[in-house]
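Here is a short tour of a model you may want to have open beside you. We will begin with a loop, go on to backbone angles, and finish with the nonpolar cores and one whole chain.

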Amino acid sequence: MLGLQKLLGARRMPWVFLIPNLTAVLLFSLLPVFINIFYSVTGSDRLFPQERPYVGAANYETLLDCGNYLDPSTCSRDLFWRALGNTLLFVPVQVAAMIGIALFTAICINRDIRGRGFFRGIFFFPVMLSPVVVALTWQWILQRNGALNGLLTAVGLPPVNWLVLPDMAFFWSVFVTVWAHMGFFTIILLAGLQSIPRDVYEAAKMDSASPWRVFTRITLPMLKPTLLVVFILCVIRSVQTFDELYVLTGGGPGSATILIVQFIYETGFAIQPRNFGLAAAASLLLGAVLLVFTVIQLRLARGRSYD
Amino acid sequence: MTELMVRDEQGSILRFLTRRRGKIRADWTDWATYLYLFLGVAIMFAPVLWVVTSSFKTPANLAEFPPTFLPYATETVAVEDYDEPLPLYEVKTEGGETRLLAQVRRVGLRAQMVDPANPEAGRIVVPIADAEPVRRISFTFANYARLLSTSGSDLWLFVYNSLFITVVATIITVIMNSMAAFALSKYRFKGNTVALVAILMTLMIPPTVVLVPTYLIVAELGLVGNLWGVILPTVATPTGVFLLRQYMLTIPDELIEAARMDHASEWRIYWRIMLPLSAPALAVVAIFSILSRWNDFLLPLVVLNRREVYTLQLALASFQDENRIQYDQLLAMTTLTALPLAFAFIFLQRYIASGIASTGIK
């Protein structure tokens, strides 16, 4: 390595350290964005660029063309609209449930209780499990002859086909993803809670403030920066949900739990002929939606921090 | 668990749990907290535990409804003149007493049984409604044995593939990211801001959005169906660079100056000074990398299209595609896939938690 330094001179050494990383970043993150744009305006089922004719906005038109925008079945790609609709329902519900439950859990663990490390560990445990393991675990619990139905019949209720009924499948898709990722956010929020100085609470106790008042006037405002990080991470991840639901419900029953990423995967890779152009167009639409979300979030965050 | 605690009002566990610093008695909010947390523990942990215990059940036990929590097996007994051990039943006789009998065969709603203590007495016909199988808790490893012996499953190959991807990708990630972080934290040069922004910008690009072009680049490199095809796209993580750079900024520049005085090369400074001093941050980056690579699904699903290069996760998911789900082997394999990380978790829980807490990003 000293030879390299002699050859290039010490001033070029930082680039020697940077080049491997920059190459990987350019090749697998930045370049793909531009290739994606190219894909979205070209057609045919061929992968390699030289074999793909230019089709203009046809892919976007195919995706967005609908007779009646409120009824997915009138759209030329109704699955895209169902996936989009499901995602738009899934994300707010899942994010709200995730942050609500994670915050409540973090506050409970942050109390002056015994076994804090134990509780933190148990709630974090599912984060370690792979999405496939998570999905199969819950499938085993939720199947017709599964443990949950076993518990139901034990108390005299009829068994339910949890993953066959559309509404139930949607509920469980939210439940299982919250179950799997809640611990991650609980730990970040716990760290945020612990960084709030104790004497602020002591002062509130002196003034005999009610717990609710302490929560809304001290905990929430002081936790705002952490909550913002959690919120952004949570939304970005929620939009990208794929693995758990692909294995748990496969997007079904029907198209009740199909999300946008699964649509991209199936259009581009699973369903023959592979339609890379359509998948790329859907990805870019997803990317645009995410970008808008992020910008709005950052604007709101900036606006809030001045008050 | 909660139920047990509430009933155990006078118990010492309870007093132990409710003892508080500075305060003798716990108030109702503490009770509510414990109730919630123990309920949470049950919901978080019971499903996993259920899968693990179920993986030790016999297929007959698995098919039962309502399901049992622990694996049970019918007890058998060896009886003279019979080649196979016979299942043991507890039979209510007409007199109201119970006897232990071994079932020879079953015809319709009647079973022919013998007394294992006295087989010469001949067969006794018993209505099956009066017979209860004698069962005891028994963990059978048959599912695991079958999983390992089935030629179609190639389990060790999948374990190897997963391990190879995880280990190689993590080593490359740690070295590559720390090199970049070193350059971005300890040098002033033209373009350092541009380089940093370029790397951090990739944070904004969700991997799913660039799935199709990533596949194209992997294909152009000739790496479809190759383990390197899922390693290379994942090694340069922006969060890793960011985290390591923040950490390296806290290492004093005087150390580097001193090393330069002693004519150490820049590479030597990186390898001998920066890397050892950044060990805590490197550990966090390594743990994140191991977790993500072991659990990866979408990219391997797209790139690894042959069974020989399947990872454990892909193999596990493909169990489902077959027409009939073989729950016995599926459960065993689920347990096996989760096990390595479960062990890692037990030892690393503290560091993982503090690592996540300190960064707030994955």
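In which loop of chain A does A:Pro273 lie? A:Pro273 sits in the loop between α12 (260-270) and α13 (276-305) of chain A. Helices here are DSSP runs of H or I with at least four residues, strands are runs of E with at least two, and both are numbered from the N terminus. The peptide bond leading from A:Gln272 into A:Pro273 is cis, with omega near -5°.

A word on conventions: this is a predicted model, in which local features need pLDDT of at least 70, side-chain atom pairs count only at pLDDT 80 or more, and totals for chains, interfaces and linings use all residues. Residues are numbered from 1 along each chain as its sequence is written, chains are lettered from A and ligands numbered from 1 in the order in which they are written, and side-chain values use heavy atoms, leaving out hydrogens and water.

**Positive phi**

Two loop residues other than glycine are worth a look for their backbone angle. For accessibility, buried means under 20% relative accessible area, exposed over 50%, and partly exposed in between (1.4 Å probe, protein chains only).

| Residue | Phi | Loop | Relative accessible area |
|---|---|---|---|
| A:Ser208 | near 40° | between α9 (198-206) and α10 (211-239) of chain A | 63%, exposed |
| B:His263 | about 65° | between α11 (253-261) and α12 (266-277) of chain B | 73%, exposed |

**Nonpolar cores**

A nonpolar core is a set of buried Ala, Val, Leu, Ile, Met, Phe, Trp, Tyr and Cys residues joined through side-chain atoms within 4.5 Å. The largest one has 186 residues, and the members touching the most others are A:Leu18, A:Phe119, A:Trp138, B:Phe182 and B:Met333. Helix α8 (residues 166-194) of chain A gives this core its largest share, 15 residues. Separate from it is a second core of 7 residues, with B:Tyr89, B:Val91, B:Leu101 and B:Ala131 among them.

What does B:Phe182 touch, leaving aside neighbours within four places in sequence? Its contacts (heavy atoms within 4.5 Å) are A:Phe17, B:Tyr187, B:Met248, B:Ile256, B:Glu266, B:Ile269, B:Tyr270 and B:Met274.

**Chain B as a whole**

Chain B contains 16 helices and 8 strands, and 49% of its 362 residues are buried. Of its contacts with a separation of 6 or more, 62% link residues 24 or more positions apart. Its accessible surface, from the Shrake-Rupley method with a 1.4 Å probe, is about 18700 Å², with 61% belonging to carbon and sulfur atoms.
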